[in-house]
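Q: Please take a close look at one part of this protein for someone new to it. I would like to follow a run of paired strands and then see what lies around them.

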Amino acid sequence: MKNTILKRTSANEPLETMSTAPEKINLLDLDRGAMEAWFVDLGEKVFHARQVLKWIHKHQVTDFDAMTDISKSLRAKLKDVACVKIPGIVFDQASDDGTRKWLMELQCGNRIETVFIPEGDRGTLCVSSQVGCALDCTFCSTARQGFNRNLSVSEIIGQVWVAKREISPERCLTNIVMMGMGEPLANLENVISAMGIMMDDLAYELSKRRVTLSTAGIVPALDRLKALSDVSLAVSLHAPNDELRDQLVPLNRKYPIRELLAACRRYAADDRRKVTFEYVMLDGVNDSDQHARQLAKLLQGVPAKVNLIPFNPFPQTRFKRSSMQRIEAFQEILMRAGLITIIRRTRGDDIDAACGQLVGRVADRSRRHGRPPERGLKGFGIAVVKANGVRKQSLQGSE
Ligand code: SF4
């Protein structure tokens with residue numbers, strides 16, 4: 001069976017809304033704490049916040065009139081001041097292997113991608129945190145687009161809301177990885193709030209072990225994440241030494257491997273959780289036996305497991321995927337050194353939904369809309385600059 005476009009809605013119809021009044025607050029932006037505070041400000045009892053949160057996320061109800069355990073007068077009040085806006089689907093594609101990819105359009109015209117990967121009893125949703133990405137990893141398709149802005153809480157959790165609605169009832173959403181477009185730690189505040197909703201028992205009820213944040217390694221933000229949340233951590237390592245990682249993940253020039261691994265040890269210290277290190281296998285670049293031995297030595301003493309990711313090519317990339325024979329030889333060296341090492345199955349590559357292939361659409365790479373992303377990035381020593389019309393990252397003090 002060829003992959004199929006299941007649905008197309010008009011690009012001029014960007015949002016499914018129950019209300020479009022711009023001054024109304026989108027309740028999808030509020031986690032439990034924020035929702036409770038908002039209801040108190042409204043002069044209402046706190047327990048109504050919990051009712052509404054449950055209606056929106058657990059029962060997928062966006063129409064206040066359908067929230068039947070809330071009084072009619074409160075429903076009327078809510079309709080006056082609030083709304084529930086869900087991102088609209090532009091394309092819905094299914095891969096031969098069951099992977100689904102949704103292209104969603106945001107109010108500002110930007111588009112983001114979200115991917116659902118079913119596997120046995122497991123269903124993993126890969127969620128985006130930014131429109132584009134400023135970090136410019138050389139092997140990543142998202143990076144090619146440049147960067148526009150951070151996603152709001154509603155745009156992050158809205159991807160989960162839409163996926164839950166679209167997934168067939170026999171499939172379950174069991175895991176979420178913040179591994180789509182963007183660097184989640186550069187949008188920390190909104191990502192933490194959205195992950196709180198993912199784990200809330202009034203919403204998606206996922207345990208902290210089933211929510212994973214993946215980062216290229218913004219070290220100070222990693223320490224902040226540890227203070228504010230205890231989700232599972234994945235780190236995009238991709239090279240066993242600074243010289244090579246400087247080329248593949250330019251952020252390494254600001255936060256070199258030694259500092260990154262120290263932050264990983266701090267993150268994992270309390271509950272001895274393992275950090276997952278992602279390592280994309282690039283033919284002739286980072287996949288030799290020597291690289292494997294270097295990596296094994298580097299991760300000695302770090303509570304680590306390693307995911308080897310066969311590279312997923314995209315147009316105009318100079319990289320090629322390592323052969324499966326090479327990947328298995330690399331794995332063998334790491335396993336012999338005592339590292340749990342998994343070769344990640346490539347999923348959804350026929351619909352460009354595989355790791356590193358997400359692109360969406362950055363409608364405007366030279367302006368931003370909404371919250372300024374630079375504030376978050378600059379705080380961690382990264383500025384966003386414009387070069388040739390494309391927004392790129394610059395590592396302060398190193399460039
Ligand atoms: S790999 Fe991740 S951090 Fe690097 S450019 Fe791509 S989306 Fe950004």
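A: What follows starts with the strands and then moves outward to the core, the loops and the ligand.

The model is a predicted one. It has 399 residues, and 48% of them count as buried. Eleven helices and 18 strands make up its secondary structure. Look at contacts between residues at least 6 apart in sequence: 70% of them join residues at least 24 apart.

Start at strand β7, residues 111-119. Its partner is strand β8, residues 122-126. The two pair in the antiparallel sense, over five bridges. One of the bridge pairs is Phe116 with Leu125 of β8. Together β7 and β8 form a hairpin, with two residues between them. Gly120 sits in that turn and has a positive phi of about 60°.

Now step from β8 to strand β11, residues 175-178. Here the strands run parallel, joined by three bridges. Cys126 has Val177 of β11 as its bridge partner. From β11, go on to β12. This pairing is parallel as well, again over three bridges. Ile176 meets its bridge partner, Val211, in β12.

Stay with β12, residues 211-215. Five of its five residues are buried, so the strand is mostly covered. Val211, Leu213 and Thr215 point one way. Thr212 and Ser214 point the other way. Both sets are buried.

Val211 also leads to the core. Met198 touches Val211, and it touches Ile176, the bridge partner of Val211. Met198 further touches Val160, Ala203, Tyr204 and Leu206, leaving aside residues up to four places away in sequence. Met198 is one of three residues with the most contacts inside the largest nonpolar core; Val160 and Met281 are the others. That core has 104 residues. Helix α4, residues 153-166, gives the largest share, seven residues. The core also draws at least three residues from each of two domains: domain 1 (19-83) and domain 2 (86-378).

Next comes the loop between helix α5 (188-199) and β12. Glu205 is found there. Glu205 counts as exposed because it has 12 C-beta neighbours inside 10 Å. Its phi is near 55°, a positive value in a residue other than glycine. Most residues other than glycine have a negative phi. Gln316 offers a second example, with a phi near 70°. Gln316 lies in the loop between β15 (304-310) and α10 (324-336). With 7 C-beta neighbours inside 10 Å, Gln316 too counts as exposed.

Back to helix α5, which holds Glu189. Glu189 counts as partly exposed, because it has 14 C-beta neighbours inside 10 Å. Glu189 and Leu225 are 36 residues apart in sequence. In space, their C-alpha atoms are 9.3 Å apart.

Last, the ligand. Its shell includes Cys133, Leu135, Asp136, Cys137, Cys140, Thr142 and Ala143. Met181, Gly182, Glu183, Ala216 and Ser236 also belong to the surroundings. By type, the shell divides into seven nonpolar, three polar and two charged residues.

Methods:
Residues are numbered from 1 along each chain as its sequence is written. This is a predicted model: local features need pLDDT of at least 70, side-chain atom pairs count only at pLDDT 80 or more; totals for chains, interfaces and linings use all residues. A nonpolar core is a set of buried Ala, Val, Leu, Ile, Met, Phe, Trp, Tyr and Cys residues joined through C-beta atoms within 7 Å. A residue is buried if 20 or more other C-beta atoms lie within 10 Å of its own, exposed if 12 or fewer, and partly exposed in between; C-beta atoms are placed from the backbone. Helices (H or I, at least four residues) and strands (E, at least two) are DSSP runs, numbered from the N terminus. Domain bounds come from an automatic or database domain assignment. Two residues are in contact if their C-beta atoms, placed from the backbone, lie within 7 Å. A residue is near a molecule or strand if its C-beta atom, placed from the backbone, lies within 6 Å of it. Ala, Val, Leu, Ile, Met, Phe, Trp, Tyr, Cys and Pro count as nonpolar, Asp, Glu, Lys and Arg as charged, and the others, Gly among them, as polar. Two strands pair if DSSP finds at least two bridges between them.
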